[in-house]
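Open the model in a viewer and keep the sequence panel visible. The stops below go from the whole chain to single residues.

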Amino acid sequence: MDPGFRARLRAGDEGAFGVLFREHASAVYNHCFRLTGDWSAAEDCTSLVFLEAWRLRSKVQPDGGGLLPWLLGIATNVVHRRRRVARRHQALLDRLPPPELLSDFADELVGRLEDQEKIHAMRQVLEQLPRADREILALCVWAGLDYAASAEALGVAVGTVRSRLSRARRRLDKLTEKNLHANREPAPAAWQLTGDRNSAVRSEKRKPR
């Protein structure tokens with residue numbers, strides 16, 4: 001990275017921030033989507049991430065490599081805060097009288113039905129994992145960050161990332177196997193580590209539309 005880029009970003013250079021957005025908006029969006037499982041929520045969170053990044057620009061270290069780990073760390077916190085707000089909102093709604101039934105809009109959703117079913121099946125498994133496991137899988141497996149970058153994003157030691165990822169993969173394998181037996185439908189393995197031990201990637205990559 002250009003040594004002056006971080007300095008420009010810290011100084012509030014809008015051009016530098018525009019470059020940051022163009023280079024990493026897609027990766028941030030993908031990360032938010034994988035943590036939320038919702039297209040609309042991912043878009044909202046992505047906007048919040050870059051607003052937060054602008055607010056925290058003075059905290060960017062003067063030296064270092066790429067800024068994606070920093071952005072994904074902000075994204076992880078944004079999604080976590082959004083969940084807390086959503087839980088409080090749902091608790092409020094649960095205390096209100098039930099709304100009147102609305103007409104069926106199923107015809108308008110046919111184009112997305114298959115994707116939503118797959119997302120729902122994936123979320124059923126992932127929601128059984130602790131939040132720390134979901135976050136480490138999102139960073140190391142989906143986002144493809146190495147151990148050092150994931151540690152930077154989460155603000156923990158590299159050794160912690162290694163142990164969390166190993167634990168998360170074991171739990172995920174057990175849950176996936178349990179679901180496969182329950183549904184009696186074969187499915188490909190969702191995760192694998194390949195190549196360099198410092199790199200964790202997903203066996204099949206798919207970008208949201």
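**Crossing of two helices**

The model is predicted. Start by selecting H2 and H6, whose crossing is right-handed. On the H2 side, the contact is made by His 31, Arg 34 and Leu 35. On the H6 side, select Arg 134, Glu 135, Ala 138, Leu 139 and Trp 142. Colour these residues by type: four are nonpolar, one is polar and three are charged.

How do the axes of H2 and H6 cross? They come within 10 Å of each other, at an angle of roughly 140 degrees. Angles over 145 degrees would count as roughly antiparallel, and H2 and H6 are therefore oblique to each other.

**Whole chain**

Now zoom out and show the chain as a cartoon. It has eight helices and two strands. Following the elements from the N terminus, the order is α-α-α-α-α-α-α-α-β-β. Colour by accessibility next: of the 209 residues, 36% count as buried. If you draw a contact map, take the contacts between residues at least 6 apart in sequence; 68% of these join residues at least 24 apart.

**Nonpolar core**

Select the largest nonpolar core, which has 48 residues. Which of its members touch the most other members? They are Leu 9, Leu 20, Val 28, Cys 32, Trp 70 and Leu 137. Two or more core residues come from each of these elements:

- H1 (3-10) and H2 (14-36)
- H3 (39-55) and H4 (68-94)
- H5 (106-126) and H6 (131-142)
- H7 (147-154) and H8 (158-183)

H2 gives the largest share of this core, with nine residues.

Stay in the core and centre on Leu 20. With residues up to four places away in sequence set aside, Leu 20 touches Phe 5, Leu 9, Ala 25, Phe 50, Leu 67, Trp 70 and Leu 71. Two of these partners, Leu 9 and Trp 70, are also among the core members that touch the most others.

**Val 158**

For the last stop, select Val 158, which lies in helix H8. Is Val 158 buried, exposed or partly exposed? Its relative accessible area is 35%, and Val 158 is partly exposed. Beyond its neighbours within four places in sequence, Val 158 is in contact with Tyr 147, Ala 148 and Ala 151. Draw a C-alpha to C-alpha distance from Val 158 to Ala 148: the two are ten residues apart in sequence and 5.7 Å apart in space.

Terms used. Residues numbered from 1 in each chain as written. Predicted model: local features only at pLDDT ≥ 70, side-chain atom pairs only at ≥ 80, totals over all residues. Heavy atoms only, no water. Core = buried A, V, L, I, M, F, W, Y, C linked by side-chain atoms within 4.5 Å. Buried < 20%, exposed > 50% of the residue type's maximum accessible area, 1.4 Å probe, protein only. Helix = DSSP H or I, 4+ residues; strand = E, 2+ residues; numbered from the N terminus. Contact = heavy atoms within 4.5 Å. Axes fitted to C-alpha atoms, helices over the stretch in contact; angles between N-to-C directions. Parallel < 35°, antiparallel > 145°, perpendicular 65-115°, else oblique. Left-handed = near helix turned anticlockwise from the far one by under 90°. Nonpolar A, V, L, I, M, F, W, Y, C, P; charged D, E, K, R; others polar.
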